[in-house]
Amino acid sequence: MLEACAPGCDIRETTHHYCIRYGGRTYPAFPKGEHGKGRRAEIEIGHIRKMIRHLHIDKDCAKNELPEVY
């Protein structure tokens, strides 16, 4: 979803989270998933929605990429 809706975003891995930067804004605490198992681990939808709002990502684009979020 980030590749399609937030092109050029910067994703950096920290010990327990991912730090995502896009459009001059930073979302510093996107969880890695269940006990840090990586990008494919299931993430709670609320975290995704909060990140979309915080980074000002287009909701229609996000809905097209991840219909289960909205």
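The exercises below work through a predicted model of one protein chain, each with a solution in steps.

**Exercise 1. The overall fold**

Determine how many helices and strands the protein chain has, and in which order the elements run from the N terminus.

*Solution.* Start with the tally of elements, which comes to three helices and three strands for the protein chain. Then follow the elements from the N terminus on, where they run α-β-β-β-α-α. Turning to burial, 31% of the 70 residues of the protein chain count as buried. For the surface, the protein chain exposes about 5,000 Å², of which carbon and sulfur atoms supply 46%. Finally, consider the contacts between residues at least 6 apart in sequence: among these, 30% join residues at least 24 apart.

**Exercise 2. The disulfide**

Find which cysteines are joined by a disulfide, state where in the chain they lie, and decide whether they are buried or exposed.

*Solution.* With a cut-off of 2.5 Å between cysteine sulfur atoms, the count comes to one disulfide. This disulfide joins C5 to C61, with an S to S distance of 2.0 Å. The pair links distant parts of the chain, since C5 belongs to helix 1 (residues 2–5) and C61 to helix 3 (residues 59–65), 56 residues apart. As for its geometry, the link of C5 and C61 is left-handed, with -90 degrees about the S-S bond. Both C5 and C61 are buried. A further cysteine, C19, has a relative accessible area of 10% and is therefore buried, the cut-off being under 20%.

**Exercise 3. A lysine in a loop**

Locate K32, explain why K32 counts as buried, and identify which backbone oxygens its side chain approaches.

*Solution.* First place the residue: K32 is in the loop between strand 3 (25–31) and helix 2 (45–54). Next compare its accessibility with the cut-off for burial, which is under 20% relative accessible area; K32 counts as buried because its relative accessibility is 8%. Then look at its polar partners, beginning with the backbone oxygen of T14, which the side chain of K32 reaches at 2.8 Å. The backbone oxygen of T15 lies 3.1 Å from a polar atom of the K32 side chain.

**Exercise 4. Aromatic rings**

Establish how many aromatic pairs a search of the whole structure finds, and over which ring the charged end of R49 sits.

*Solution.* The search of the whole structure finds one aromatic pair. Turning to the arginine, the charged end of R49 sits over the ring of Y70, at 5.7 Å from the ring centre, which can be compared with the distance cut-off of within 6 Å.

Terms used: Residues are numbered from 1 along each chain as its sequence is written. This is a predicted model: local features need pLDDT of at least 70, side-chain atom pairs count only at pLDDT 80 or more; totals for chains, interfaces and linings use all residues. Side-chain values use heavy atoms; hydrogens and water are left out. Helices (H or I, at least four residues) and strands (E, at least two) are DSSP runs, numbered from the N terminus. Buried means under 20% relative accessible area, exposed over 50%, partly exposed in between (1.4 Å probe, protein chains only). A polar contact is a pair of N or O atoms within 3.5 Å; within protein, one must be able to donate a hydrogen and the other to accept it, and residues adjacent in sequence count only if both atoms are side-chain atoms. Rings of Phe, Tyr and Trp (its six-membered ring) pair if their centres lie within 6.5 Å; planes under 30 degrees apart count as stacked, over 60 as edge-to-face and the rest as tilted. A charge sits over a ring if NZ of Lys or CZ of Arg is within 6 Å of the ring centre and within 35 degrees of the ring normal. Contact means heavy atoms within 4.5 Å. Accessible areas come from the Shrake-Rupley method with a 1.4 Å probe; for residues, only the protein chains shown count as cover.
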